[in-house]
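Open the model in your viewer and keep a selection box ready. The tour goes stop by stop.

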Amino acid sequence: MAKRKRRAFTKEFKAETVRLVLDSGKSVGAVARELDLTETALRDWVRQSEVDAGRGRPGALTTEEREELARLRREVWTLRMERDILKKATAFFARENP
C-alpha cells in the first residue's frame with residue numbers, strides 16, 4: 001500500500017468535515033472516502049471536537065490547550081539552546097589566555 005503524502009488542512013475545513021459527519025448520519029468511513037481523507041484522521045478530528053465541546057474523556061486536552069502546550073515546548077527548547085550557548089561562551093571567555 002502506497003504511503004500518502006502528508007497534507008495540511010485549515011481549522012475551518014476540519015470543523016466543516018466534522019459537522020458533516022455529525023449532521024449527515026453517514027459513517028466516518030463514508031465521509032472519509034467521499035473527501036479522500038484517511039479514516040484515522042477524520043476520527044481524530046471528531047474525537048477532538050468532542051473534547052473541545054466538553055464531552056471528551058476526563059483529562060483530555062482541548063485544541064487551545066494543545067496549541068499552548070506546543071508553543072510552550074518550543075519556547076522551552078529555545079531557552080535551553082540560548083542557555084547552552086551562553087554556558088559555552090562563558091566557559092570560552094573564562095579560560096586564561098596567555
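A pocket here is an open set of grid points with protein on both sides within 12 Å along at least five of seven lines. Keep in mind that this is a predicted model.

**Stop 1: the largest pocket**

Select Phe 9, Lys 14, Ala 41, Asp 44 and Trp 45. These residues lie nearest the centre of the largest pocket, among the 21 that line it. Its volume is about 790 Å³.

Now colour by helix. Which helices each supply at least two residues of the lining? They are α1 (11–24), α3 (39–52) and α4 (63–94). Of the contributors, α3 gives the most, with 6 residues.

Switch to colouring by residue class. The lining of the largest pocket shows 10 charged, 7 nonpolar and 4 polar residues.

**Stop 2: helix α1**

Show side chains for Glu 16 and Arg 19. The two form a salt bridge, with the closest N and O atoms 2.3 Å apart. Both lie in α1, 3 residues apart, about one turn of the helix.

Add Asp 23. Arg 19 forms a salt bridge with this residue too, its closest N and O atoms being 3.4 Å apart. That pair is 4 residues apart in α1, so about one helical turn separates Arg 19 from Asp 23.

Turn on the surface. Are these three side chains buried or exposed? Glu 16 is partly exposed, with a relative accessible area of 43%. Arg 19 is also partly exposed, at 40%. Asp 23 counts as exposed because its relative accessibility is 56%, and the cut-off for exposed is over 50%.

**Stop 3: helix α3**

Go back to α3 and select Glu 39 and Arg 43. Their side chains meet in a salt bridge, 2.5 Å from N to O. Both residues sit in α3, 4 residues apart, about one turn of the helix. Glu 39 is partly exposed, with a relative accessible area of 34%. Arg 43 counts as partly exposed as well, at 38%.

Select Glu 16, Arg 19 and Asp 23 once more. Salt bridges with shared partners join these three into one network. Side chains of opposite charge can pair when their charged atoms come close. How many salt bridges does the structure hold? There are 10.

**Stop 4: before α1**

Last, select Arg 6, in the segment before α1. Arg 6 counts as exposed because its relative accessibility is 81%. Then draw a distance to Lys 88. The C-alpha atoms of Arg 6 and Lys 88 are separated by 38 Å, and the two residues are 82 residues apart along the chain.

Technical notes
Residues are numbered from 1 along each chain as its sequence is written. This is a predicted model: local features need pLDDT of at least 70, side-chain atom pairs count only at pLDDT 80 or more; totals for chains, interfaces and linings use all residues. Side-chain values use heavy atoms; hydrogens and water are left out. On a 1 Å grid over the protein atoms alone, a cavity is a set of points where a 1.4 Å probe fits but cannot get out, and a pocket is an open set with protein on both sides within 12 Å along at least five of seven lines; lining residues have an atom within 4 Å of a point. Grid points are joined across faces, edges and corners, and a volume is the space filled by probe spheres set on the points. Ala, Val, Leu, Ile, Met, Phe, Trp, Tyr, Cys and Pro count as nonpolar, Asp, Glu, Lys and Arg as charged, and the others, Gly among them, as polar. Buried means under 20% relative accessible area, exposed over 50%, partly exposed in between (1.4 Å probe, protein chains only). A salt bridge is a side-chain nitrogen of Lys or Arg within 4 Å of a carboxyl oxygen of Asp or Glu.
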